[in-house]
Amino acid sequence: MTGLAPIDGLVVLAILAKAIGYGAALLAMGGVLFSVVFSQHAEASVIRLARKLAVGAALVGLAVLAIRFGIRAARISGMGIEGATDPMMLGFVWDSPLGTAAIWRGIGELAIVAILVPRIGQWIALAGSVAIAISFAQVGHALGEPRAALAVLLVLHLLAAAFWVGALIPLRRAALISDGAELLHHFGKLAAGGVAALVLAGTSLAWLLSGSTIALFGTAYGLALLVKVAIVAVLLGFAAWNKVRLVPALRAEKPGATHALRRSISMEMLAVVLILLATATITSVTTPPINL
């Protein structure tokens, strides 16, 4: 297939590590965004959960970052897994765009931990969230042309995605508490704008990297992207169902509404996992049509 790189065991490992790293980054950024935006609307226990989630995800992200360095060194060395600890290969990786991205992401994920510090901590963590988003613009398909447009769109796309993904677990908890329905209703109103930004930025990125609609059906990048878009459509369907049916049912205290809403949010989480795997695959083994 056009634009598809060979896939072996190391590549599969790289895809899994990248997907976990993506998830950790989104949860870390999203946990901070949720705790800042909803600090006046959510119960204290829900805010504490969001903050703990952000810190835990940031620490996981740092660990995955180190593992990805080893995997990358192993892939370029041709020595298999033994190359993961070769100092020369690790030096090559550090001097590559992945090294630059690692500096931004590492600083950002360390800054996320500051969310546990009262008052000023949330602003440091917020800056860390932006740094993590910028790190993704330092590597991969974002290095193509027009680079500035790709970088801006990617940062906006990631911040909007993080706002959504980082809210799922806190909102699932909120469905169990007495005034949680109002928080879910408030999130639904704000999320509408976030989803619009997410879709607009994502569509623009896909257009810039594909170059034409025909390329979507004739390349590995295009076909993988279509799979991702299909999963995103399912995710949007769950979100819309929650907003128009399940959250109003929860506010009206209808029997079974809490269980139905928590189950629907769990399905959203599953869809997010599949999207992360699809994204990691696209960025690991496919080449955008404009670069072929």
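In this predicted model, the lining of the largest cavity divides into two nonpolar, two polar and three charged residues. The cavity itself has a volume of about 40 Å³, and the residues around it are G21, G61, V64, L65, R68, R105 and E109. Helix α2 gives the most to this lining, with four residues. Together with α2, helix α4 (97-112) belongs to the elements that each supply at least two lining residues. One of the lining residues, R105, also takes part in a contact with an aromatic ring: R105 lies over the face of F136, at 3.9 Å from the ring centre.

The structure holds two cavities of 30 Å³ or more. About 30 Å³ of space lies in the second largest of them, and the residues lining this space are A160, F163, W164, A191, G194 and V195. By class, the lining of the second largest cavity has five nonpolar residues, one polar residue and no charged ones. Helices α6 and α7 each supply at least two of its lining residues.

Open spaces can be described in a similar way. The second largest pocket holds about 330 Å³ of space and has a lining of 18 residues. Nearest the centre of this pocket lie F187, G188, A191, A239 and K243. Four helices, α6 (147-174), α7, α9 and α10 (257-285), each supply at least two residues of the pocket lining. The lining of the second largest pocket comprises 14 nonpolar, two polar and two charged residues. A191 is named in both settings, as one of the residues nearest the centre of the second largest pocket and as part of the lining of the second largest cavity.

Aromatic side chains come next. Six aromatic pairs are present in the structure. In one of them, the ring centres of F38 and F163 are 6.1 Å apart and the ring planes meet at 25 degrees; an angle under 30 degrees counts as stacked, so this pair is stacked. Because F38 lies in the loop between α1 (9-37) and α2 (44-77) while F163 lies in helix α6, the pair ties together parts of the chain that are 125 residues apart in sequence. F38 is buried, its relative accessible area being 0%, and F163 also counts as buried, at 13% relative accessibility. A second pair is formed by F69 and W94, with 5.9 Å from centre to centre and 45 degrees between the planes, an arrangement classed as tilted. This pair, too, links distant parts of the chain, with F69 in helix α2 and W94 in helix α3 (residues 87-94), 25 residues apart. F69 is buried, with a relative accessible area of 12%, whereas W94 is partly exposed at 47%.

F38 and F163 also belong to a wider grouping, as F34, F38, F163 and F187 form one aromatic cluster. Two members of the cluster reappear in the spaces described above: F163 is part of the lining of the second largest cavity, and F187 is among the residues nearest the centre of the second largest pocket.

As for charged pairs, the structure holds one salt bridge. The partners are E182 and R251, and their closest N and O atoms are 3.1 Å apart. E182 sits in helix α7 (residues 180-210) and R251 in helix α9 (residues 220-251), so that, with their positions 69 residues apart, the bridge links distant parts of the chain. E182 is partly exposed, at 41% relative accessibility, and R251 is likewise partly exposed, at 40%.

Finally, a few points along the backbone deserve a look. A cis peptide bond, with omega of about 0 degrees, joins E145 and P146. P146 is located in the loop between α5 (120-135) and α6. Positive phi values occur at residues that are not glycine, including R119, where phi is about 60 degrees. R119 lies in the loop between α4 and α5 and, at 78% relative accessibility, counts as exposed. E253 also has a positive phi, near 60 degrees, without being a glycine. This residue is placed in the loop between α9 and α10, and E253 is exposed, with a relative accessible area of 70%.

Methods:
Residues numbered from 1 in each chain as written. Predicted model: local features only at pLDDT ≥ 70, side-chain atom pairs only at ≥ 80, totals over all residues. Heavy atoms only, no water. Salt bridge = Lys/Arg side-chain N within 4 Å of Asp/Glu carboxyl O. Buried < 20%, exposed > 50% of the residue type's maximum accessible area, 1.4 Å probe, protein only. 1 Å grid on protein atoms, 1.4 Å probe; cavity = no way out; pocket = protein on both sides within 12 Å on 5 of 7 lines; lining within 4 Å. Points joined across faces, edges and corners; volume = space filled by probe spheres on them. Nonpolar A, V, L, I, M, F, W, Y, C, P; charged D, E, K, R; others polar. Phe/Tyr/Trp six-rings, centres within 6.5 Å; stacked < 30°, edge-to-face > 60°. Lys NZ or Arg CZ within 6 Å of the ring centre and 35° of its normal.
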